[in-house]
Amino acid sequence: MTGLRAAFLSQADSCEALESPFMGRILRMLPDLMAVTSDLSKRCASFEGELGPSGHSLPLRIASGLHALVLRSDAPNLTAVYPPNDVSDDVLRTALRNALTTHDTFLTNWITNTPQTNEVRRSAVLIATAQLLADRFDLPFSVSEMGASGGLNLMFDRFHLAVGSGYGPQSDVVLQPDWRGPLPVQAPLTIAERRGVDLHPLDSKSPEHALRLLAYLWPDQTERMIRTRAAIALQDAPVDSGDAINWLQHRLPAHKAGQIHFIYTTVAWQYFPVDSQTKGTALIADAGAKATNDAPLAWLSYETDGKKNGAALTLRLWPGNHTIELGRADFHGRWINWTAPTRLP
């Protein structure tokens with residue numbers, strides 16, 4: 001359990017840094033509460049490689065399974081110690097231990113699936129980037145998201161970005177990041193077609209799949225829960241099941257003249273195998289070489305670059321093969337440090 005213990009503590013540090021003290025508390029408790037003989041512990045022991053945030057994310061899988069029990073109202077004693085309730089460490093520890101014992105089978109089955117999240121606040125970057133592209137080309141968008149999960153961020157044009165005088169329509173999904181830097185230009189934005197892909201896509205209209213999206217949110221972050229439920233209500237874009245690069249290989253040639261093809265990933269590319277990243281980069285570059293002002297191609301990367309201050313925002317744009325650094329953003333979209341040019345080349 002040494003490797004798993006270290007993974008729990010690492011994930012606790014990350015959650016606390018992302019303003020979830022409750023997740024920090026339970027993640028620090030759980031390693032000592034999981035019975036070695038439980039099916040859950042045995043299942044965890046079967047995982048090989050990195051168990052923490054940069055690998056299998058077993059601590060998040062287990063914590064989300066406990067949260068799912070609360071959301072399903074299947075564990076009243078656990079619900080009684082989860083936010084908004086505030087209890088002592090001893091009471092919380094007892095409730096967690098009982099839940100692990102009583103719901104061992106459910107939790108063991110739950111962690112077989114990879115983490116599935118849709119952090120809607122990341123759409124603030126999508127909105128800002130789309131504004132630049134709409135201003136530059138004055139064309140409708142064809143949108144392609146790789147690693148789309150439940151496809152909530154495919155609906156970015158239906159969210160409201162509340163910075164400056166505001167971007168997008170009035171919406172039940174309001175994004176209010178701590179915005180640093182110049183504001184993007186205002187430009188009319190039209191989505192002609194949108195589609196995503198994921199190895200294990202979630203249908204947000206399915207109660208079971210919506211539960212998985214919500215369970216991976218953190219119980220003491222009520223605003224995220226409200227925002228995600230509102231985004232689920234808006235979601236109507238298809239998300240295909242399959243390998244993202246193979247999907248893109250078929251999608252790129254279908255790009256129509258008179259549209260901007262806007263491709264993006266938000267904290268997903270890093271999980272693709274290296275050979276897939278290499279193939280995907282080459283495919284997009286080859287398609288970009290054929291791009292014209294009437295059929296431009298844009299690729300936004302919202303991904304870690306190994307630095308500690310959030311994710312790097314990089315836009316590649318064709319025709320012209322431009323690489324444009326847009327700034328940096330928090331992994332959960334809480335802040336954006338925008339350094340993009342006022343207008344694109």
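**Packed helices, paired rings and unusual backbone**

Helix 4 and helix 9 cross in a right-handed way: a crossing is right-handed if the near helix is turned clockwise from the far one by less than a right angle, and left-handed if anticlockwise. This is a predicted model, in which local features need pLDDT of at least 70 and side-chain atom pairs count only at pLDDT 80 or more, while totals for chains, interfaces and linings use all residues. Residues are numbered from 1 along each chain as its sequence is written, and side-chain values use heavy atoms, with hydrogens and water left out.

Let's stay with that first pair. Helix 4 spans residues 58-71 and helix 9 residues 207-215 (helices are DSSP runs of H or I with at least four residues, strands are runs of E with at least two, and both are numbered from the N terminus). Their axes are 9 Å apart and the packing angle is about 120°; axes are lines fitted to C-alpha atoms, for helices over the stretch in contact, with angles from 0 to 180 degrees between N-to-C directions. Helix 4 and helix 9 are therefore oblique to each other (under 35 degrees is roughly parallel, over 145 roughly antiparallel, 65 to 115 roughly perpendicular, and the rest oblique). On the helix 4 side, the contact is made by Ser 64, His 67, Ala 68 and Leu 71; helix 9 brings Leu 211, Leu 214 and Ala 215. Contact here means heavy atoms within 4.5 Å.

Which residues of helix 9 are buried? They are Ala 210, Leu 211, Arg 212, Leu 213, Leu 214 and Ala 215 (buried is under 20% relative accessible area, exposed over 50%, partly exposed in between, with a 1.4 Å probe and protein chains only). Their cover includes helix 4, helix 7 (104-110) and helix 10 (222-234). Arg 212 also has a ring partner: its charged end sits over the ring of Trp 110, 3.8 Å from the centre. Such a charge is NZ of Lys or CZ of Arg within 6 Å of the ring centre and within 35 degrees of the ring normal. Arg 136 likewise lies over the face of Phe 137, at 4.4 Å from the ring centre.

A second helix pair brings together helix 2 (residues 21-33) and helix 6 (residues 89-102), whose axes come within 10 Å and cross at roughly 60°. That makes helix 2 oblique to helix 6, and the crossing of these two helices is right-handed. Phe 22, Arg 25, Ile 26, Met 29, Leu 30 and Leu 33 of helix 2 meet a set from helix 6 that includes Asp 89, Leu 92 and Arg 93.

Now to the aromatic rings. Rings of Phe, Tyr and Trp (its six-membered ring) pair if their centres lie within 6.5 Å, and planes under 30 degrees apart are stacked, over 60 edge-to-face and the rest tilted. This rule gives nine aromatic pairs. In one of them, Trp 179 and Trp 338 have ring centres 5.4 Å apart and planes at 40°, so the pair is tilted. Trp 179 belongs to strand 4 (residues 178-180) and Trp 338 to strand 11 (residues 335-338), so the pair ties together parts that are 159 residues apart in sequence. Both tryptophans, Trp 179 and Trp 338, are buried. The rings of Trp 269 and Phe 272 have their centres 5.4 Å apart with planes at 55°, so this pair is tilted too. Trp 269 is buried at a relative accessible area of 13%, and Phe 272 is buried at 16%. Elsewhere, Phe 141, Phe 156, Phe 262 and Tyr 264 form one aromatic cluster.

Phe 262 appears again in the surroundings of Ser 142. Ser 142 lies in strand 1 (residues 141-146) and counts as buried at 8% relative accessibility. Leaving aside residues up to four places away in sequence, Ser 142 touches Glu 193, Arg 251, Gln 259, Ile 260, His 261 and Phe 262. How is Lys 279 placed, buried or exposed? Lys 279, in helix 12 (residues 274-289), is partly exposed, with a relative accessible area of 36%. With residues up to four places away again set aside, Lys 279 touches Ile 245, Asn 246 and Gln 249.

Finally, the backbone. Most residues other than glycine have a negative phi, and most peptide bonds are trans. The bond from Pro 83 to Pro 84 is cis, with omega near 15°, and Pro 84 lies in the loop between helix 5 (76-79) and helix 6. The bond from Trp 318 to Pro 319 is also cis, with omega near 5°; Pro 319 is in the loop between strand 9 (311-318) and strand 10 (322-329). Ser 149, although not a glycine, has a positive phi of about 55°. Ser 149 is in the loop between strand 1 and strand 2 (160-161) and is buried at 2% relative accessibility. Val 267 has a positive phi of about 50°, sits in the loop between strand 7 (260-266) and helix 12, and is buried at 15%.
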